[in-house]
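Okay, everyone, thanks for coming. Let me put the structure up, and then we'll walk through it together.

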Amino acid sequence: MLLDLDDTLFPEREFAQGGFRAAAAVLAERLQRSADELFELLWKQFESGRRSSNFDTALAELNVPRDETLIAELVRAYRNHEPQLTLFEDADRLFEVLGTCYGLGLLTDGPADVQRRKVKALGLQGRVEAIVYSDDFGCEHWKPSPIPYLELLRKMHVEPSHAVYVGDNPKKDFIGARRLGLQTVRIRRPGTEHGHLEAQPGFEADHELSTLDSLPDWLAANERSERHAA
């Protein structure tokens, strides 16, 4: 079984909060302002849906001239902070229930050094058989590129037709996996980055669940169905 990371196994908002607190501390020192006040500004923008332009918008709101060096420093602070993260409770239970009977692998997009810190903070190195950071192959091979899926399958010695990919993002998680012949399961959690999105035609997962607690029963039923079909 191949697992996504962000918003599948842990709430990505936790990382964002830590990153914005780190950036707010940098900005507070530069502007001699309250770090808590600046964090609230950054977080409010994040909550409103701003992502790539968050720091630019904050500087404009603070009447601070745009400074490429400062923007780069804020991005580094966001990305390089040491995160304090916790697994979703159903994800923690999933490792306990399935870890002894299924091979579990992790496939994640995003800057590799950032994702490695997330994995370390969550203590996942010893709970999965293999990990692939798609960024190690270059951002052009982030999902839905087949390259990271194939590399994780190779590490786990599993054929695509015998594998399941579990993720949350209908924009990219499932189309690449399905093209390779993997079964796909979407975990659709309320309040997460992609939980509200409807999949475009062709980008759907084969199955959709609201909690990872339902995955063991789904796997058992799927295996029975395959045996009967054979």
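So, to kick off: in which sense do strand β2 and β3 pair, and over how many bridges? They run parallel, with 4 bridges between β2, residues 105–108, and β3. And before I go on, keep in mind that this is a predicted model.

If you want a spot to zoom in on, Leu107 stands opposite Val132 in β3. Now follow the chain: β2, then helix α6, residues 112–122, then β3, and together they make a right-handed β-α-β unit.

Let's stay on β3, residues 130–133, for a second. Side chains in a regular strand alternate between the two faces of the sheet. Here both faces are covered: Ala130 and Val132 are buried on one side, Ile131 and Tyr133 on the other. Tyr133 also has a charged partner, with Arg116 lying over the face of its ring, 4.2 Å from the ring centre.

Okay, on to the aromatics. There are 8 aromatic pairs in the structure. Take Phe20 and Phe55: the ring centres are 6.0 Å apart and the planes sit at 75°, which is over 60, so we call that pair edge-to-face. That pair links distant parts of the chain, with Phe20 in helix α1 (residues 12–31) and Phe55 in helix α3 (residues 54–61), 35 residues apart. Phe20 is buried at 5% relative accessibility, and Phe55 is buried too, at 9%.

The next pair is Tyr149 and Tyr165, with centres 5.3 Å apart and planes at 75°, so that's edge-to-face as well. This one connects helix α7, residues 146–156, where Tyr149 sits, to strand β4, residues 164–167, where you find Tyr165, and the two are 16 residues apart. Tyr149 comes out at 0% relative accessible area, and Tyr165 is also at 0%.

Back to Phe20 and Phe55: they belong to one aromatic cluster along with Phe15, Phe39, Trp43, Phe46 and Tyr78. Phe15 has a charge over its ring, because the end of Lys118 sits within the 6 Å cut-off, at 4.6 Å from the centre.

Last stop, helix α5, residues 89–98. Which residues are buried there? Asp90, Ala91, Leu94, Phe95 and Leu98. Looking down the axis, they fall within an arc of 145°, so they line one face of the helix. That spacing fits the general picture: an α-helix has 3.6 residues a turn, so residues three or four places apart point the same way. Turned away from that buried side you get the exposed Glu89 and Glu96.

That's my tour, over to you.

Terms used:
Residues numbered from 1 in each chain as written. Predicted model: local features only at pLDDT ≥ 70, side-chain atom pairs only at ≥ 80, totals over all residues. Heavy atoms only, no water. Phe/Tyr/Trp six-rings, centres within 6.5 Å; stacked < 30°, edge-to-face > 60°. Buried < 20%, exposed > 50% of the residue type's maximum accessible area, 1.4 Å probe, protein only. Lys NZ or Arg CZ within 6 Å of the ring centre and 35° of its normal. Arc of directions from axis to C-beta. Pairing = 2+ DSSP bridges. Right-handed = clockwise from strand over helix to strand, strands pointing away.
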